[in-house]
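Here is a colleague's note to read alongside the structure. Keep the view open and find each place as you come to it.

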Amino acid sequence: MLDLAIIGGGPAGLSAGLYATRGGLGNVVMFERGIIGGQITGSSEIENYPGQKNPGESGLDFMSTWSKQCMHFGLKHEAANVSKVSRNEDGSFKISLENGKEMNAKAVIVATGSTPKRAGFKGEDEFFGRGVSTCATCDGFFYKNKEVAVLGGGDTALEEAIYLSNICSKVYLVHRRDGFRAAPTTVEKARKNEKIEFVTSATIKEAYGDKMGLGGLTLNTKEGERDLKVPGVFTFVGLNVNNQILLQDDGKFLCEMSENGEMIVDLKMRTNVPGLFGAGDIRIDAPKQVVCAAGDGAMAALSALSYIENLH
């Protein structure tokens, strides 16, 4: 039986693994089939992590050193997708993998993070991957010296608009309100960028094109409909938490969840189920920041250590 199973390999999961193994747990496995480092590896620029050696580096570069450090004390990595976490009669947990394999653990930290929401405009699904994207770092290069649009009003949207302005000839920043949720310094930086045109109080009505890909966007604005002939649009309109592994056979969640599907935890990352912890974007009121996710992972691991010690 595992001492601790950590589901997710982003900043929260990696930090949890570091603190759990360094704290003395000898059989700790982190389950992550995708890219270790989490969603932040798709970010074009990070400049707000305390003590960061190279402010402004990409998320992929920033996370590249985490894995080696966090596995130095014995954290094991299982490249597998977890399909469900359930509780055994003795209070331990069963980790069911998509490949049919099952493992048991004394405690579990869920750090599965979140994924970008779809914006919901007509044509979004049809052209997703063919002009509609949620990752400027991944797809920005395909629009070198071309005009593109960015949808959203938060930090991510403005930061990615700035990033795309270094590649593209022009960036239309489309936001449904006049004001922005992004940090004032980020908004000011974007406003000073001559390649970025702010299109506020506007929404995307439809994405259109043909079998070759996206041809443009029809916007609803205060002045009426506006046509943007752009081959690419990047949407940053929020996140959905990845909570599917907590769904049980009866359709209920393993632990108490918020109305938005987030794990309800206390300040020690404990759920209402003994031995089950949540960390990072999956938990209620998560700030969606790397430094906070790392702190969550450390706290969850310390709580798991205490829980496992008291089992004996």
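**Notes on the model**

1. Let us begin with Glu-57. Not counting residues up to four places away in sequence, Glu-57 touches Ser-44, Glu-45, Ile-46, Gln-52 and Phe-62. Please keep in mind throughout that this is a predicted model. To find Glu-57, look in the loop between strand E2 (28–31) and helix H2 (59–63). Is Glu-57 buried or exposed? With a relative accessibility of 18%, Glu-57 counts as buried, because the cut-off for buried is under 20%. For a sense of distance, try Val-132 as a second landmark: from C-alpha to C-alpha, Glu-57 and Val-132 are 25 Å apart in space, and 75 residues separate them in sequence.

2. Next comes a sheet with parallel pairing. This open sheet has 5 strands, and their order is E8-E15-E9-E10-E11. Which strands lie at the edges? They are strand E8 (132–133) and strand E11 (196–199), each of which pairs on one side only. As a reminder for your course, the strands of a sheet pair through backbone hydrogen bonds, in either a parallel or an antiparallel way.

3. Strand E9 (residues 147–151) deserves a closer look. On one side, E9 pairs with strand E15 (residues 232–235) in the parallel sense, over 4 bridges. E9 also runs parallel to E10, and 5 bridges join these two strands. Leu-151 is a good residue to click on: Thr-235 in E15 stands opposite Leu-151, and Val-174 is the bridge partner of Leu-151 in E10. Of the 5 residues of E9, 4 are buried, so the strand is largely enclosed by the rest of the structure.

4. Now bring in a helix. H5 packs on the sheet that you have just traced. Which strands does H5 touch? They are E9, strand E10 (170–174), E11 and E15. The direction of H5 makes about 165 degrees with that of E10.

5. H5 has a helical partner too. Helix H5 (residues 155–165) packs with helix H6 (residues 184–191) at an angle of about 30 degrees, and their axes are 10 Å apart. That angle makes H5 roughly parallel to H6, because angles under 35 degrees count as roughly parallel. The crossing in which H5 passes H6 is left-handed. On the H5 side, the contact is made by Asp-155, Leu-158, Glu-159 and Ile-162, while H6 contributes Thr-186, Val-187, Lys-189 and Ala-190. Sorted by type, the residues of this contact are 4 nonpolar, 1 polar and 3 charged.

6. A second sheet makes a nice contrast in pairing. This one is open and antiparallel, with 3 strands in the order E12-E13-E14. Its edge strands are E12 and strand E14 (224–228), each pairing on one side only. Ignoring direction, neighbouring strands here are turned by 25 degrees against each other on average.

7. You can follow the pairing in this second sheet strand by strand. E12 and strand E13 (residues 213–221) run antiparallel and are joined by 7 bridges; the bridge partner of Thr-203 in E13 is Asn-220. E13 then pairs with E14, again in the antiparallel sense, over 5 bridges. There, Thr-218 has Asp-227 in E14 as its bridge partner. How many residues lie between E13 and E14 in their hairpin? There are 2 residues between them.

8. Stop at Ser-201, in the loop between E11 and strand E12 (203–210). Its relative accessibility is 18%, so Ser-201 counts as buried. Leaving aside neighbours within four places in sequence, Ser-201 is in contact with His-175, Arg-176, Arg-177, Asp-178, Asn-220, Thr-221 and Lys-222. You have already met Asn-220, as the bridge partner of Thr-203.

9. Finally, two residues to check for backbone angles. Most residues other than glycine have a negative phi. Asn-145, however, has a positive phi, near 65 degrees. Asn-145 sits in the loop between helix H4 (136–139) and E9, and is exposed, with a relative accessible area of 60%. Lys-288 also has a positive phi, near 60 degrees. Look for Lys-288 in the loop between strand E17 (276–278) and helix H7 (290–309). Lys-288 is partly exposed, with a relative accessible area of 34%.

Methods
Residues numbered from 1 in each chain as written. Predicted model: local features only at pLDDT ≥ 70, side-chain atom pairs only at ≥ 80, totals over all residues. Heavy atoms only, no water. Axes fitted to C-alpha atoms, helices over the stretch in contact; angles between N-to-C directions. Parallel < 35°, antiparallel > 145°, perpendicular 65-115°, else oblique. Left-handed = near helix turned anticlockwise from the far one by under 90°. Contact = heavy atoms within 4.5 Å. Nonpolar A, V, L, I, M, F, W, Y, C, P; charged D, E, K, R; others polar. Pairing = 2+ DSSP bridges. Buried < 20%, exposed > 50% of the residue type's maximum accessible area, 1.4 Å probe, protein only.
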